[in-house]
Amino acid sequence: MKKYWWQDAIIYQIYVRSFNDSNHDGIGDIPGIIEKLDYLKSLSINTLWISPHYDSPMDDNGYDIRDFFKVAEEYGTMEDFKKLIEVAHANDMKIVTDLVLNHTSDEHPWFLAAKDPSHPDHQKYHDYYIWHKGHTAEDGSRIRPTRWISWFGGSVWDFNEPTGEYYLHIFSKKMPDLNWRNQAMREELKAMVQWWIDLGIDGFRIDASNHLEKNWDFPDDSPGYQHFSSLPKHHEYLQELADELFIPNNLLILGEAGGASKEEALQYAGFDSNEFNMLIHFGHVWVDTDDSNQLTPGKWAKGEVKLTKIKEALSHWIDVFHEKGWNTLYWHNHDHPRVVSHYGNDDPKYHAASAKMLATLLYFLPGTPIIYQGEEIGMTNVDYQNLDDFKDVEVFTEYENFMNHGASHEVAMQALRDRARDNARSPMQWSSEPYAGFSDQAPWMPVVGNYPLINVANQDKDADSILSWYRMLMTLRKEEAIGFSYPSFYHLDKDDRFAYSLKAKHHTYYVVGNFTSYPIDFTPDVDITAMELYATNQPTIEGSLSPYETRVYRQKK
Ligand code: GLC
Ligand code: CA
């Protein structure tokens, strides 16, 4: 099998706005990332995935791009960005940026021309987006083209007076969808991608990649997701990008595409397909949605966490990609709640133990890890008490939605604290200084109250901390080439423990973890008499696993 550089990568995802503020304005920035490269190296990170850094009115924190060729002013300058690439490369680190191709900002010059019939380039740019006249009711009033619902709640259609048409936006109304059937538009995007490659970018994370094609018959279903998700033609667009840009430049391509089937996953990221190199799916992320909850429906409804479902999803993806492609390992990203609050337990009594257990059970699996900023110190969900502490555009449409469903303010706030994307976006907790050492000014969104205890500075000095545990795991992954292992799983059907063995480069490992807050009986699945207890997150008791206990046994091969 040919070996690719990204198979040895340990990726760290940076949400720029919340990572580190270098110039005292309460907003994370590019020089702030450069300041922390040594810290990232100490965690064995060799690849950074940076959330959108482009010029943007920041309706969706940069996923709404106004100018593809400019760095957001609050994040720094193009010089800063070039310096980041240079310093990272000098430190043997690769830079992967987010590539948002499904939509632009409504302030992008293309859309400004598209929506304005008096603009000299109106004709050309109008067709870069997706328009529909809508329908007329008997009483003469306007009716939207379809009842499709946007990912952020509310209709996907908004009316544009000057042209008398609706435009399509599957995310916020400030994010009009591009028309990928327009070849001139595709050529412009490809030239833009080439421009970033020439600047030295090593790879891209392709945002919302399975939404590029739409059903142009516009059937009137609701919510209608199937009419703008995973339509076969989007593979043609991805293949075009791969053939012309990704493959010739030896880039790492992480494609975001939720809900892919096995066949489709291999079409995206199989070794002999190569639209992407790795797939970001969400199989294991939302195992606890609860369809019976009417007040805060969809992902907002919090049911019971079933470990069997998590294990099923993780082992499914390992099997799909075994020898046919490459797996990705991550607990969450900037769109999900914090894993220690979601699948672990953020009660101070269990916080460190459960964070270490979750890390252990994920990072002994095959593939390439993507650590999300703050995960390595066990950052938790937010503790916000006011609606306006939340900043995400999605929160406000959904809050209204909850109210329309009859939820109380308290119920809505709890759903936000459990599920909102903002849980992952609070400022990085660097120290116990004011504002968690993220900035010396009030940050753009509040820091979580537990920062005096949960922060990098505290954990850096503590050999027993979550951070030290992550460092140990990542060092081991490299030394032992764990990414190339194939585990055998034990009792995938049990809801309290997760256990498996694997053959790594120098040792055979057996790892086990208790996912519950109570002690459970424990009989090892393999003969451990000749094995060394290599690591554990608490004192061991024979025949039992304490709450959130994890153990790593190993033996020379
Ligand atoms: C992806 C991003 C998310 C963003 C959306 C629209 O899902 O991860 O943060 O809001 O695309 O660009
Ligand atoms: Ca700043």
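The following legends describe close-up views of a predicted model.

**Figure 1. A tilted aromatic pair joins two loops of the predicted model.** Aromatic pairs in the structure come to a count of 44. One of them is formed by Trp-148 and Phe-228, whose ring centres lie 5.6 Å apart with an angle of 45° between the planes, a tilted arrangement. Trp-148 belongs to the loop between strand 8 (142-143) and strand 9 (157-160), whereas Phe-228 belongs to the loop between strand 11 (203-207) and helix 7 (233-246), so the pair ties together parts that are 80 residues apart in sequence. Trp-148 and Phe-228 are both buried.

**Figure 2. Trp-317 and Phe-321 form a stacked pair.** The two ring centres are 6.0 Å apart and the planes meet at 25°; because planes under 30 degrees apart count as stacked, the pair is placed in that class. Both residues lie in helix 9 (residues 307-321), where a separation of four residues corresponds to about one turn of the helix. Trp-317 is buried, and so is Phe-321.

**Figure 3. Ring pairs build an aromatic cluster.** The cluster consists of Tyr-54, Phe-68, Phe-69, Phe-81, Trp-110, Tyr-125, Tyr-128, Trp-195 and Trp-196, linked through pairs of rings.

**Figure 4. Two arginine residues lie over aromatic rings.** In one case, the charged end of Arg-17 sits over the ring of Trp-444, at 4.9 Å from the ring centre. In the other, Arg-142 lies over the face of Phe-159, and the distance to the ring centre is 3.6 Å.

**Figure 5. The largest pocket has a lining of 39 residues.** Its volume is about 1000 Å³. Trp-151, Phe-152, Phe-171, Lys-299 and Glu-394 are the lining residues that lie nearest the centre of this pocket. Strand 11 and helix 12 (393-404) each contribute at least two residues to the lining. Helix 12 provides the largest share, with three residues. Sorted by class, the lining of the largest pocket comprises 14 nonpolar, 15 polar and ten charged residues.

**Figure 6. The second largest pocket draws its lining from domain 1 and domain 3.** This pocket has a volume of about 420 Å³. It is lined by 21 residues, and those nearest its centre are Pro-348, His-351, Asn-450, Leu-453 and Ile-454. Helix 11 (351-363), helix 13 (409-419) and helix 14 (456-461) are the elements that give two or more residues to this lining. Helix 13 gives the most, namely three residues. The lining of the second largest pocket contains seven nonpolar, eight polar and six charged residues. At least three lining residues come from each of domain 1 (5-103 + 183-388 + 450-470) and domain 3 (389-419).

**Figure 7. A cis peptide bond precedes Pro-223.** Most peptide bonds are trans. The bond from Ser-222 to Pro-223, by contrast, is cis, with omega near 0°. Pro-223 is placed in the loop between strand 11 and helix 7. Phe-228 of the tilted pair in Figure 1 also lies in the loop between strand 11 (203-207) and helix 7 (233-246).

**Figure 8. His-491 and Tyr-548 have positive phi values.** Most residues other than glycine have a negative phi. For His-491, phi is near 35°. This residue, His-491, lies in the loop between strand 16 (488-490) and strand 17 (497-503). For Tyr-548, phi is near 55°. The loop that holds Tyr-548 runs between strand 21 (544-545) and strand 22 (550-556). Tyr-548 has a relative accessible area of 5% and is therefore buried, since buried means under 20%.

**Figure 9. Gly-303 and Arg-421 are two loop residues, one partly exposed and the other buried.** Gly-303 is found in the loop between strand 13 (278-280) and helix 9. With a relative accessible area of 25%, Gly-303 is partly exposed. From Gly-303 to Pro-452 the C-alpha distance is 31 Å, and the two residues are 149 residues apart in sequence. Arg-421 occupies the loop between helix 13 and helix 14. Its relative accessibility is 7%, so Arg-421 counts as buried. Between the C-alpha atoms of Arg-421 and Glu-236 there is a separation of 31 Å, with their positions 185 residues apart along the chain.

Note on methods: Residues are numbered from 1 along each chain as its sequence is written. Chains are lettered from A and ligands numbered from 1 in the order in which they are written. This is a predicted model: local features need pLDDT of at least 70, side-chain atom pairs count only at pLDDT 80 or more; totals for chains, interfaces and linings use all residues. Side-chain values use heavy atoms; hydrogens and water are left out. Rings of Phe, Tyr and Trp (its six-membered ring) pair if their centres lie within 6.5 Å; planes under 30 degrees apart count as stacked, over 60 as edge-to-face and the rest as tilted. Buried means under 20% relative accessible area, exposed over 50%, partly exposed in between (1.4 Å probe, protein chains only). A charge sits over a ring if NZ of Lys or CZ of Arg is within 6 Å of the ring centre and within 35 degrees of the ring normal. On a 1 Å grid over the protein atoms alone, a cavity is a set of points where a 1.4 Å probe fits but cannot get out, and a pocket is an open set with protein on both sides within 12 Å along at least five of seven lines; lining residues have an atom within 4 Å of a point. Grid points are joined across faces, edges and corners, and a volume is the space filled by probe spheres set on the points. Ala, Val, Leu, Ile, Met, Phe, Trp, Tyr, Cys and Pro count as nonpolar, Asp, Glu, Lys and Arg as charged, and the others, Gly among them, as polar. Domain bounds come from an automatic or database domain assignment.
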